[in-house]
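Reader: Good morning. I have just opened this entry and would like to go through it with you. May I ask some short questions?
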Amino acid sequence: MTREFASVGVVGLGTMGAGIVEVFARNGIDVVAVEVTEAALERGRATLIGSTDRAVAKGKLAAADRDALLARVDWQVGLAALHAVDLVIEAIPEQLDLKQRIFAELDRVCKPETVLATNTSSLSVTEISVATTRPNQVIGIHFFNPAPVMKLVEIVRTVVTSAEVVADVERLCARLGKVDVTISDRAGFIANALLFGYLNHAVSLVEARYASREDIDAAMKLGCGLPMGPLALMDLIGLDTAYEILDTMYRRGGRDRRHAPVPLIKQMVTAGLLGRKSGRGFYTYERPGSPVVVPDDQTPVGAESTLEAGARGIAKVGVVGSGTMATGIIEVFAKAGYEVVSVTRGAEKSGKLFEAVKTSLNKGVVRGKLGEADRDAALGRVTWSATLEHLADVDLVVEAVIEELSVKKALFASLDEICKPGVVLATTTSSLPVIDVAMATQRPADVVGLHFFNPAPVMSLVEIVRTIRTSAETTATAKAVCGELGKTGVVCGDRSGFIVNALLFPYLNDAVKMLEASYSTADDIDHAMKLGCGYPMGPFELLDVVGLDVSLAIQRELYLELREPGFSPAPLLEHLVTAGYLGRKTGRGFRDHTRR
Ligand code: NAD
C-alpha cells in the first residue's frame, strides 16, 4: 500500500529545518514545525517569512501563494504536536545522543505507521533507528543547503528500512520537485563524503596563512565554476555543524586524517564565530542570519599582516614559449595595451605563433567582442623574435615553455644574464616548485609564479605563487598586472597544486575511490555533486574532460609532496590510465564517448 504523506512534521528549525518546512509548504503539504523554545520557534518562523518575502519581492512567488504557504504551517513547541502527522523529519544538531533521545520520544508520540526520517549529514541512520521500536520505518532524508534551492535529496536506506518506505519517500521527493539518489548508510553518504575533506583542507590553508579567505574562495569560484568558495560555504553550513560532521566522518569513515577537523574550526566555534547564523565566521555579516557580507570590524581569521609594498611599473612584457598557454598569454597582454616581445625557438615557430594569436583575435572580432582596429592594434604591439637577447629591456618576463624543470631552470639562468635589474621573472608552471626555478637565478626575490588557466583569454583566474624568497614588491607587481589584464590574481604559497588543483584533484580522486568501493554509480555521484553542491560538472564528467592521465599525474605530485595517505591515487584511476582509457581524448574514460 502506498502512502501519500498528507501532513509532515519538522523538528528543529535552524539552518536546515526552516528551509525544509518551506519545501513542504510550497508543495501544498501541511507542516507541523517544532522547536524546543518559543524563541527558537520565532527564529524559525522569521527565517521562513524572510525567505518567502524575498521570493515575492523577486517575483518568484505570488503574494497570495505566500499567504497560502504560511497558512499551511502550524508552529509548535514540543514534540507532542506531532501525534497525527504521517512523516517526521528531524533537523536538530548533529549529535547522536540528542538525535537518539528525540527519536525515542517521536516513537512514543507518533502514530505507529508514521515514518521517522533524519536529515543527518554524517551520523549513522541505523544507530538512530534502533532508538525506536520501528527501525524499519526509519530512513535518512538528507536535504542540501539551502533546502528550497538545491535539487538533490539523498535517501539513506539502512539494512532494515522497509522497501515500501523507501519507495514512498522516493515518490515524495519527486512530488517535491527534487532529484533523489538512494544509497546505503555510510558516513557522509555521497556528497558530504566528497565535500568535507575539501572544505577542511581549505580551512587548513587559511590556518596556515597560505592564502587569504577571499583568494581561496575566488580561486575555487573562478577556477572550478563553483557557486561559492569553500569558506563562504563553511559559513553557510555553520561552523558548529561542520565541526560535528567532520568529527563524525573522521570516526565513522576510517579515521582519514583529512576529516579530522582542523583546530581552527573548533577555535572559531568556541569563540562563537559560527558563520552566517551568528553573524560572523570566516566573513562578517550584516546581522545574524543575513547573507550580506559587510567589512570586518576586527581582523578576520587567518588574515596576513602583509607588508604594504608598492608595485613596479610594467610597460613591456616578454613572453617565452610557443604553445597554447604562450598564445593565450600574448593575446591577453597585447589586448590590455602592453608592448609584448614574443620569443620562440625559431622563425618557423614564431610564424605559427603569430598565426595562432591572429586566429584567436579574429574569433573575438567574429563574435563581436573585439573591433578590427583593436585587433590590429593588439597585433601591432607584439614583436616576434627567436632570440632571448630581445628581452634585455622588458619589465616582466612570462615563461610558458615545456613543463620540465631542467628546461625552465636553464631558461631562468639565461634570463638572469640578459634581463636588466628589477625585472619581474614569472613562470607559468602548474606543477613544478617555483622556488626551484627561482634559485636558478641570482635574483630569487624577483621570481614569482603566474599560473594562468587555459584558455588564458577566457579564464579570469591567475594564481600568483610567491616563494619564501619572493619580495613583497614582486608579489604586489604581479597582483597589479593581473588587475590591468582584467584578471583576478589570487596570491598563494609555493605548494604542489597551488590552490585550485590542491583542492580539486583530491576530491576527484575521492570520487574514484567511492566508485571503486561500489558505494554508488558514476551517474549518481555526478548527479549528487551537481544538484547537491552546485558543481557545474560531476567529478566523472570532469575527469573525462581533463584527462585521466593528467589527473593522475597531478594527484601523484600532491601525494609525493604532502605524503598524506588519503591523497594516494585511486587504484582504479591508475588501472584506467594503464589501459589507455584517458577520457574524452581517447574516446573512453569513466564513460564511453564513442557511442552517442
Ligand atoms: P542548527 O544548529 O542550525 O539548527 C538546529 C535547530 O534544532 C536549532 O534551531 C535548535 O533550537 C533545534 N533543536 C535542538 N534541540 C531540539 C529539540 N529537542 N526539539 C526541537 N528542536 C531542537 O543545525 P542545522 O545546521 O540546521 O543542522 C540540523 C541537521 O541538518 C543536522 O543533522 C545537520 O547535520 C543536518 N544538515 C545540515 C546542513 C547544513 O548545511 N547546515 C545541510 C544538510 C543537513
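Author: Let us begin with the contacts of the ligand. In this predicted model, an oxygen atom of the ligand is 2.5 Å from an N or O atom in the side chain of Glu94.

Reader: Which ligand atom does Ile237 approach, and with what part of the residue?

Author: Ile237 uses its backbone: one of its N or O atoms there lies 2.9 Å from a nitrogen atom of the ligand.

Reader: And how far is the side chain of Lys277 from an oxygen atom of the ligand?

Author: The distance from an N or O atom in the side chain of Lys277 to an oxygen atom of the ligand is 3.3 Å. As for cover, the ligand has 830 Å² of accessible area on its own, and the protein covers 88% of that.

Reader: Which residues come nearest to the ligand?

Author: There are 25 residues around the ligand, and those that come nearest are Met16, Glu35, Glu94, Lys99 and Ser121.

Reader: How many of the shell residues are nonpolar, polar or charged?

Author: The shell around the ligand divides into 12 nonpolar, nine polar and four charged residues.

Reader: Which strands and helix supply at least two residues each?

Author: Strand 2 (30-35), strand 6 (138-143) and helix 4 (96-109) each supply at least two residues of that shell.

Reader: Where does the ligand lie with respect to domain 1 and domain 2?

Author: The ligand lies between them, because domain 1 (7-184) and domain 2 (191-294) both give residues to its shell.

Reader: Let me change topic to strand 7. Is it mostly covered or mostly open?

Author: Strand 7, residues 152-157, is mostly covered, as five of its six residues are buried.

Reader: In which sense does strand 7 pair with strand 6, parallel or antiparallel?

Author: Strand 6 and strand 7 pair in the antiparallel sense, over four bridges. One bridge joins Gly140 to Val156 of strand 7.

Reader: And what about strand 8?

Author: Strand 8, residues 179-184, pairs with strand 7 in the parallel sense over six bridges. There, Ser184 of strand 8 is the bridge partner of Arg157.

Reader: One last residue, please: where is the place of Glu244?

Author: Glu244 belongs to helix 10, which spans residues 239-252.

Reader: Why is Glu244 called partly exposed?

Author: Its relative accessible area is 22%, and buried would require under 20%, exposed over 50%. Glu244 therefore counts as partly exposed.

Reader: How far apart are Glu244 and Ser122?

Author: Along the chain they are 122 residues apart, yet their C-alpha atoms are separated by 8.4 Å.

Notes:
Residues numbered from 1 in each chain as written. Predicted model: local features only at pLDDT ≥ 70, side-chain atom pairs only at ≥ 80, totals over all residues. Heavy atoms only, no water. Near = heavy atom within 4 Å. Polar contact = N/O pair within 3.5 Å; in protein donor to acceptor, adjacent residues only side chain to side chain. Areas by Shrake-Rupley, 256 points an atom, 1.4 Å probe, with all protein chains shown as cover. Nonpolar A, V, L, I, M, F, W, Y, C, P; charged D, E, K, R; others polar. Domains from an automatic or database assignment. Buried < 20%, exposed > 50% of the residue type's maximum accessible area, 1.4 Å probe, protein only. Pairing = 2+ DSSP bridges.
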